[in-house]
Amino acid sequence: MHMKKWTAAAIGAVLAVSAAGSAVAHHSFATEFDRNKPIRLEGKVVKFEWVNPHSWIHLRTADGTVWRVEGGAPSALLRRGWNRNSLPAGTDIIVDAFRARDGDTRASAAEIRFPNGRELSLGNPTTEAVQAAARRGASQ
Amino acid sequence: MKRLSILAATAAALMVTVSGPAFAQAAAQQPATIDGKPNLNGIWQAMNTANWNLEPHAAGPNPVADRQVGATGAIPPGLGVVEGGEIPYKPEARERLAQNRQHLINYDPEAACYLPGIPRATYLPYPFQIVQGGNDDILMVYEYANANRVIEMRAVEPPPIDTWMGTSYGKWEGNTLVVETLSQGPGEVKLPGGVMEPNGVTWLDRAGNYLSPTANVTERFTKIDNDHIQYSATIEDPEVYTKPWTISMVLYRHVEPNAQLLEFRCVPFSEQLLYGDLLEENASPAEGSSPSK
């Protein structure tokens, strides 16, 4: 009886954690971003926000516009080895992203690239899947 | 990382199953030691006015809501918990202190339900639970804001980023649990009225005392007897203080049979403070809502 309760509690705990996970994600990719509106942004990092539920890169492009690019959760970035020095202000980056549906200067990305070709994952699984699907579509 | 998630799941399971008396009785029968280390498991709480002001202070009216809440919101007096009585701020660090004191309560992260940081989490007027197993990291769960921290039982290293609760590393020195917490930095902080503070600091109490992201906090948990812990925290921050300083106090075990952490998810309670100005701008007085009609 006692054991049974513990098992139920453990399942409850797991459920609670995964429910929190989806609540933290706050939105599905499709409600906020449009997979049919890819955009390539090139510019300098203005700042990087380590905030939940998603990190945000603020990026100034050549025409002076500041774009905000959504990345994964801070915990996902930390697991991938990111730290406070990973993306200092002033760094030149290239981002292939998907624009926000509302037309604002926001986008979601799976990875960033540096001018020397190095790539860095943003730990954003849904956007990664959308990008993989887009690439598969392009190669067909 | 796996260990962390197991700990977190255990804590969540504990919060779900803690079924009052049965659990408390089990707690009363706990061994005095775990793997030869003092058993700190239990629900603890400070019993002082440190969260109002770490330094000695007289009773006083509520700093912002005297007119609305009267004596129920008044500041209770306290002898202070700072060894030596006074926090040794550098002259230049007093500017930030003065700025905090101009915005008491309103700019206090506690009022916004932001995470409290260390050591404030320990002496907030809410209980917290220590979850200690054998030869493993130790979890501290706080009733306030569902805050928690894992104390990694390993050598200190530079944390990858600043966070509200910092990163805690622990070790045993004899019968004392010694915890070092580094990199407590809120970063950019949203304040009431749409104000943004670009360089947030960790408030230590409702009187505006603070530490900065360069602080090193060393806590010591030593059991006095089964139901009391002697607690101290030494704060070292050459950017802000002329020398390290220490607070000390006793933590009391909740011994009532149904002792348990309840939920104080306070984010909704901070919304009027943080965003009330937006409501007033946008909302027109609701028609027909007047009780005189």
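This section describes the fold, strand pairing, nonpolar cores and unusual backbone geometry of a predicted model with chains A and B.

In chain A, the secondary structure comprises 4 helices and 6 strands, and these elements follow one another along the sequence in the pattern α-α-β-β-β-α-β-β-β-α. Of the 140 residues in chain A, 25% are buried, and among the contacts in chain A with a separation of 6 or more, 50% link residues that are 24 or more positions apart. The mean pLDDT of chain A is 83, with 80% of its residues reaching 70 or more. Over residues 1-25 of chain A, however, pLDDT stays under 50, and the model has 20 contacts beyond four places in sequence for this stretch. Where pLDDT is low, the predicted coordinates should not be read in detail.

Chain B contains 6 helices and 15 strands. Buried residues account for 31% of the 293 residues in chain B, and residues 24 or more positions apart supply 60% of the contacts in chain B with a separation of 6 or more.

The strand pairing in chain B includes a closed barrel of 9 strands, which runs in the order β3-β4-β5-β6-β7-β8-β13-β14-β15 and has mixed pairing. On average, neighbouring strands of this sheet are turned by 30° against each other, direction ignored. Within the barrel, the stretch from β5(B) to β8(B) can be followed strand by strand. Strand β5 (residues 138-142) of chain B runs antiparallel to strand β6 (residues 148-152) of chain B, to which it is joined by 4 bridges, and in this pairing I138(B) stands opposite I151(B). The two strands, β5(B) and β6(B), form a hairpin with 5 residues between them, and A145(B) in the turn has a positive phi of about 60°. On the next step, β6(B) is joined by 2 bridges to strand β7 (residues 167-173) of chain B, and here the strands run parallel; the bridge partner of E152(B) in β7(B) is Y169(B). The antiparallel sense returns between β7(B) and strand β8 (residues 176-182) of chain B, which pair over 7 bridges. Y169(B), already named as the partner of E152(B), also stands opposite E180(B) in β8(B).

The largest nonpolar core has 49 residues, of which L54(B), M140(B), V141(B), Y142(B), A147(B) and L211(B) touch the most other members. The largest share of this core, 5 residues, is contributed by β5(B). When residues up to four places away in sequence are left aside, Y142(B) touches A121(B), Y126(B), F128(B), A147(B) and N148(B). A second, separate core consists of 18 residues, including I57(A), L59(A), A107(A) and L122(A). In soluble globular proteins, nonpolar side chains tend to be buried together.

Several positions in the two chains have unusual backbone geometry. Most residues other than glycine have a negative phi, and most peptide bonds are trans. In chain A, the peptide bond from N52(A) to P53(A) is cis, with omega near 0°, and P53(A) lies in the loop between β1 (33-49) and β2 (56-61) of that chain. In chain B, a cis peptide bond leads from I118(B) to P119(B), with omega near 15°, and P119(B) is placed in the loop between α4 (94-102) and α5 (120-123) of chain B.

Positive phi values also occur on either side of β5(B). N135(B), a residue other than glycine, has a phi near 50° and belongs to the loop between β4 (128-132) and β5 of chain B. N135(B) is classed as exposed, because 9 other C-beta atoms lie within 10 Å, a count that falls under the cut-off of 12 or fewer. N146(B), likewise not a glycine, has a positive phi of about 55° and is found in the loop between β5 and β6 of chain B. For N146(B) there are 16 other C-beta atoms within 10 Å, so this residue is partly exposed.

Terms used: Residues numbered from 1 in each chain as written. Chains lettered and ligands numbered in written order. Buried ≥ 20, exposed ≤ 12 C-beta atoms within 10 Å, placed from the backbone. Contact = placed C-beta atoms within 7 Å. Pairing = 2+ DSSP bridges. Axes fitted to C-alpha atoms, helices over the stretch in contact; angles between N-to-C directions. pLDDT = per-residue confidence, 0-100. Core = buried A, V, L, I, M, F, W, Y, C linked by C-beta atoms within 7 Å.
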